[in-house]
Amino acid sequence: MNKLILLASIGLFCQCNTLQKSAGTTDATVTKTFTNPLLPAGADPWVIQKNGVYYYMHTTGNRLVLGKTMNIAELKNAELKTIWEPPAGTAYSKNIWAPEIHLINGKWYIYFAADDGNNRNHRLYVLENDSADPLAGTWLFKGKVSDATDKWAIDGSVFIIRNELYMVWSGWEGNENGRQDIFIAKMSDPWTISGSRVRLSSPKLQWEKHGDLKSESNPSHVDVNEGPEMLQHKDRIFLVYSASGCWTDFYALGMLSIPETGNLMDSASWIKNPDPVFKQTPANKVYAPGHNSFFKSPDGKEDWILYHANSQPGQGCGRFRSPRAQRFIWNKLGMPVFGDPVPEGLSMAIPSANK
């Protein structure tokens, strides 16, 4: 999501800790197909699938809510729990965006961006839980995750390659807005960046630069690269990111790639795709698709993309963005082929092994 525009949406999740439905119900034996959107609203959707269970999050703005279901088609009936609310008056008490849950070395971690009510102060933070079930146990606030520059940062994601832990995020080069770049850094543990950040991508292509916000009250132009997510397939690594302003219909996904043996910390080793790999499709009435995550089907045979999008043009970054999922494939060159965002109401089979 772009960080100049505060979320108008709180999302579909309830405002309390009430559990909506047990994940032990027989969702998988009841619903064999689904249609998009998965929920009426929910920006920056994230999902991880573990042993046939889906753990889901999206931006709520004021707290962290975790969903759990055995069937992605039944996300609207997922077991829900507010697992953390920030203490008032802190540097991370407001504008909580783009949470992601990861399993690292047997412990659960949730990364999110937050500030004190002033967008200039957005930084990344992390929680830890050593329970086997992330809806159980205790979530501990581990603190801010930052490199030595401690610049504005949002949309943090982590991944492991060759037994090394990395973080990628969207940030500013300096102290002023105007451009959001994608950075990468090595981590010594899930809450500590141990080296210098390296910029992997800046919005330089024409399709990445939609979204002029110039006005009498806001004379700046903001170019956006954000929402970086890693995807590995065979001998290549892909970084898929969102570009252009989310307040425009041109918000879309771009992609960088590098050989699995390449130096991830060398920006020159990454190849940027010249065109968006997933974009608005007016014929299907899908606009501004972006801020995605990836997941495998429970049997490990299918690859899926989860993203948010609008149903009408001009709906911007607010409460209209809804989470959607669809399967994607790989071409003969080993590159992901996402196709077009599918129209609402199109019946699709649920991920394999949930059938």
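Author: A definition to start with: two strands pair if DSSP finds at least two bridges between them. Keep in mind that this is a predicted model.

Reader: Okay, so over how many bridges do β16 and β17 pair?
Author: Strand β16 covers residues 236-243, and the two strands run in the antiparallel sense. Pairing needs at least two bridges. For β16 and β17 the count is 8.

Reader: And what's the bridge partner of Arg236 in β17?
Author: Arg236 belongs to β16, which spans residues 236-243, so the partner has to be looked for across the pairing, among residues 252-259 of β17. The bridge from Arg236 goes to Pro259.

Reader: What does β17 meet in the antiparallel sense over 2 bridges?
Author: Pairing takes at least two bridges, and these 2 antiparallel ones qualify. Leu256 of β17 supplies one partner, with Lys272 facing it. The strand in question, residues 271-272, is β18.

Reader: How many of the 8 residues in β17 are buried?
Author: Buried means under 20% relative accessible area. By that mark β17 is mostly covered, and the number of buried residues is 7.

Reader: Where in the chain are the two halves of the disulfide, and how many residues apart are they?
Author: A search of the whole structure turns up 1 disulfide, made by Cys246 and Cys317. Cys246 is in the loop between β16 and β17, while Cys317 is in the loop between β20 (303-310) and β21 (322-330). Both cysteines are buried. The link ties together distant parts of the chain, with a separation in residues of 71.

Reader: How far apart are the sulfur atoms, and which hand does the link of Cys246 and Cys317 have?
Author: The cut-off for a disulfide is 2.5 Å between sulfur atoms, and here they sit 1.8 Å apart. The angle about the S-S bond is 115 degrees, and the link is right-handed.

Reader: Is Ser244 buried or exposed?
Author: Ser244 is in the loop between β16 and β17. Leaving out residues up to four places away in sequence, it touches a set of residues including Trp207, Val224 and Tyr251. Its relative accessible area is 0%, so Ser244 is buried.

Reader: Which residue's backbone nitrogen does the side chain of Ser244 reach?
Author: The residues touching Ser244 include Glu208, Lys209 and His210. The side chain of Ser244 comes to 3.1 Å from a backbone nitrogen, and that nitrogen belongs to His210.

Reader: What about Thr248: which backbone oxygen lies 2.8 Å from a polar atom of its side chain?
Author: Thr248 is in the loop between β16 and β17, and at 14% relative accessible area it counts as buried. Its side chain also reaches the backbone nitrogen of Phe250 at 3.1 Å. The backbone oxygen 2.8 Å away is that of Gly245.

Reader: What's the C-alpha to C-alpha gap between Thr248 and Gln315?
Author: Not counting neighbours within four places in sequence, Thr248 is in contact with His210, Gly211 and Ala288. Gln315 is 67 residues away from Thr248 in sequence. In space, the C-alpha gap between Thr248 and Gln315 is 8.1 Å.

Reader: Lys285 has a positive phi; is this residue buried or exposed?
Author: Lys285 isn't a glycine, yet its phi is about 60 degrees. It lies in the loop between β18 and β19 (287-296). With 55% relative accessibility, Lys285 is exposed.

Reader: And His291, buried or exposed?
Author: His291 also has a positive phi, near 40 degrees. It is found in strand β19. Its relative accessibility is 3%, so His291 is buried.

Reader: Why is the ring pair of Phe294 and Phe338 given the label that it has?
Author: A search of the whole structure finds 23 aromatic pairs. In this one the ring centres are 5.9 Å apart and the planes make an angle of 20 degrees. Planes under 30 degrees apart get one particular label, so the pair of Phe294 and Phe338 is stacked.

Reader: Which loop holds Phe338?
Author: Its partner Phe294 is in strand β19, 44 residues away in sequence. Both are buried, Phe294 at 14% and Phe338 at 4%. Both also belong to a ring cluster whose members include Phe238, Tyr307 and Trp330. Phe338 is in the loop between β22 (336-337) and β23 (348-349).

Technical notes:
Residues are numbered from 1 along each chain as its sequence is written. This is a predicted model: local features need pLDDT of at least 70, side-chain atom pairs count only at pLDDT 80 or more; totals for chains, interfaces and linings use all residues. Side-chain values use heavy atoms; hydrogens and water are left out. Buried means under 20% relative accessible area, exposed over 50%, partly exposed in between (1.4 Å probe, protein chains only). Helices (H or I, at least four residues) and strands (E, at least two) are DSSP runs, numbered from the N terminus. A polar contact is a pair of N or O atoms within 3.5 Å; within protein, one must be able to donate a hydrogen and the other to accept it, and residues adjacent in sequence count only if both atoms are side-chain atoms. Contact means heavy atoms within 4.5 Å. Rings of Phe, Tyr and Trp (its six-membered ring) pair if their centres lie within 6.5 Å; planes under 30 degrees apart count as stacked, over 60 as edge-to-face and the rest as tilted.
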